[in-house]
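Student: Before we discuss this model, could we look at the sequence and the structure together, and then work through them one question at a time?

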Amino acid sequence: MTVEQVILVGVSLQDGDDTEDSLKELVELVHTAEAEVVGVVVQQRENVHAGYYVGSGKLEEIAALVAETGATGVVCDDELTPAQLRNMTQLLQVKVMDRTLVILDIFAKRASTSEGKIQVELAQLRYRMSRLSGFGKSMSRLGGGIGTRGPGEKKLEMDRRMIASRISQLKRELETVKQHREINRMARERNHVPVAAIVGYTNAGKSTLLNTLTDAGILAEDKLFATLDPTTRVLELPGSQKLLLTDTVGFIRKLPHHLIDAFRSTLEEAKYADFIIHVVDASNPQAAKQMQIVYDTLQQLGVKDKKVITLFNKQDALGPDAEPVRDGRADICLRISARTGDGLEELKQVLAQTLRENRRFISGILSYNQAGLLQQIRSKGELLTEEYLPEGIRIEAYVPPELYGKL
């Protein structure tokens with residue numbers, strides 16, 4: 001199989017922006033998409049060129065680099081407009097892609113469940129539709145001059161109708177999935193099972209954490225978006241407490257809005273969770289920036305007023321001179337290694353204490369004809385002690401408010 005060779009192109013709008021880091025990340029994305037980077041071009045500009053993304057002089061430089069390296073494609077670090085995409089393709093005579101298309105390609109390879117595949121296809125079609133619309137403005141007018149009539153117009157309108165029809169079908173399928181998700185969520189709420197959503201930048205170690213804590217058995221690789229489909233597992237905590245942990249898709253800078261829209265029902269697991277577990281790759285030099293992107297994405301999803309437990313992961317990969325990372329917005333911060341297990345027992349204690357904060361402490365005697373309540377206490381709360389006496393069962397427990405009323 002021939003490996004696709006590409007040249008990366010970025011535009012820096014001001015000194016000190018994150019263009020360099022963004023391009024480093026784009027290199028990782030391209031490698032994850034199984035292509036090879038043979039060159040990187042950066043242009044300093046006040047604004048992105050409306051027609052060509054970069055200026056004409058820089059385009060000539062890119063064309064020369066394409067000829068020199070034999071590159072089969074060019075990848076731009078920002079989402080291109082239809083006009084930019086068309087103009088660059090015509091001038092460079094190679095395939096031109098943008099960051100969004102690369103991410104969509106990775107997502108398409110990673111999706112394994114029916115829900116994931118629906119979400120990815122929906123995002124791809126929305127992306128393609130926006131490109132079709134831009135490309136076909138002149139072709140969709142009747143009487144617009146030479147080249148605007150005939151088969152070209154029919155083909156474009158046919159494509160547009162087919163995509164629109166498929167998008168409508170996928171949205172209906174996704175709505176059905178969303179309803180199932182809401183039914184499951186309501187069942188959890190009725191049963192008073194607490195839920196924590198695991199969020200974080202892509203490749204921060206969320207899947208490794210879930211595997212180590214619950215033996216989930218999900219794929220965990222040192223790659224961007226190694227796992228895509230959400231996974232929920234039960235975590236047994238001290239005091240026989242149970243907590244549902246839900247993994248979410250990793251965040252990334254410039255996460256395409258097509259993906260946020262398509263994956264909204266999955267990402268919104270964080271919105272309905274009782275609290276958030278934020279996993280940070282403490283060994284990454286861009287950890288502070290990545291944390292900011294995660295918080296910005298959560299805000300975009302309407303996730304607010306949630307307790308946040310930040311885990312500075314990959315402590316085993318830190319060098320002796322590494323600067324400690326801090327998170328001033330978290331309620332609790334812990335330093336862990338999901339790979340080695342360091343700090344995870346402390347995490348379980350913190351999670352158990354977090355669950356207790358929303359519960360009421362009870363101490364007393366249940367009559368034997370109330371013994372059925374013991375099972376409710378075990379399943380919905382935390383039974384600390386039980387002692388069988390002639391007059392009844394002496395208990396000490398933490399219970400949710402709705403059960404406290406019965407007791």
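**Local features and folded parts**

Student: What is the relative accessible area of Lys-254?

Tutor: Lys-254 is classed as partly exposed, because buried means under 20% relative accessible area, exposed over 50%, and partly exposed in between, with a 1.4 Å probe and protein chains only. Residues are numbered from 1 along each chain as its sequence is written, and side-chain values use heavy atoms, with hydrogens and water left out. The model is predicted, with local features needing pLDDT of at least 70 and side-chain atom pairs counting only at pLDDT 80 or more, whereas totals for chains, interfaces and linings use all residues. For Lys-254, the relative accessible area is 36%.

Student: What is the phi of Lys-254, and in which loop is the residue found?

Tutor: Most residues other than glycine have a negative phi. Lys-254 is not a glycine, and yet its phi is positive, at about 55°. Helices (H or I, at least four residues) and strands (E, at least two) are DSSP runs, numbered from the N terminus, and in these terms Lys-254 is found in the loop between E7 and H8.

Student: Is Gln-93 buried or exposed?

Tutor: Gln-93 is placed in the loop between helix H3 (82–92) and E4. Its phi, near 60°, is a positive value in a residue other than glycine. At a relative accessibility of 64%, Gln-93 counts as exposed.

Student: How far apart in space are Leu-255 and Ile-103, C-alpha to C-alpha?

Tutor: Leu-255 lies in the loop between E7 and H8 and is buried, with a relative accessible area of 16%. The two residues are 152 residues apart in sequence. In space, their C-alpha atoms are separated by 8.3 Å.

Student: Which helix supplies the largest share of the largest nonpolar core?

Tutor: A nonpolar core is a set of buried Ala, Val, Leu, Ile, Met, Phe, Trp, Tyr and Cys residues joined through side-chain atoms within 4.5 Å, and the largest one here has 54 residues, with Leu-259 and Leu-298 making the most contacts inside it. The elements that each supply at least two residues include strand E1 (4–12), helix H4 (99–110), helix H5 (114–135) and helix H11 (287–300). The largest share, eight residues, comes from H5.

Student: Which residues does Leu-259 contact beyond its neighbours within four places in sequence, and how many residues are in the second core?

Tutor: Contact means heavy atoms within 4.5 Å. On that basis Leu-259 is in contact with Ile-103, Leu-104, Phe-107 and Ala-123. The second core is separate and includes Leu-213, Leu-334, Ala-338 and Ala-352, and its number of residues is 24.

Student: What is the order of the strands in the sheet that contains E1?

Tutor: Two strands pair if DSSP finds at least two bridges between them. The four strands of this open sheet pair in parallel, and E2 (35–44) and E4 (95–98) are the edge strands, each pairing on one side only. Four bridges join E1 to strand E3 (residues 73–76). The order is E2-E1-E3-E4.

Student: What angle does H4 make with E4?

Tutor: Leu-8 stands opposite Val-75 in E3. H4 packs on this sheet, where it touches E3 and E4. Axes are lines fitted to C-alpha atoms, for helices over the stretch in contact, and angles run from 0 to 180 degrees between N-to-C directions. By that convention, the direction of H4 makes with that of E4 an angle of about 80°.

Student: What is the order of the strands in the sheet with mixed pairing?

Tutor: This open sheet has six strands. Six bridges join E6 to E7, which run antiparallel, and Thr-232 stands opposite Thr-246 in E7. H11 lies across E5, E8 and E9, running at about 150° to E8. The order is E6-E7-E5-E8-E9-E10.

Student: Which residues does Pro-238 touch, not counting those up to four places away in sequence?

Tutor: Pro-238 lies in the loop between strand E6 (232–237) and strand E7 (241–247), and it is partly exposed, with a relative accessible area of 27%. Its C-alpha is 6.9 Å from that of Gln-349, although the two are 111 residues apart in sequence. The residues touched by Pro-238 are Lys-348, Gln-349, Ala-352 and Glu-382.
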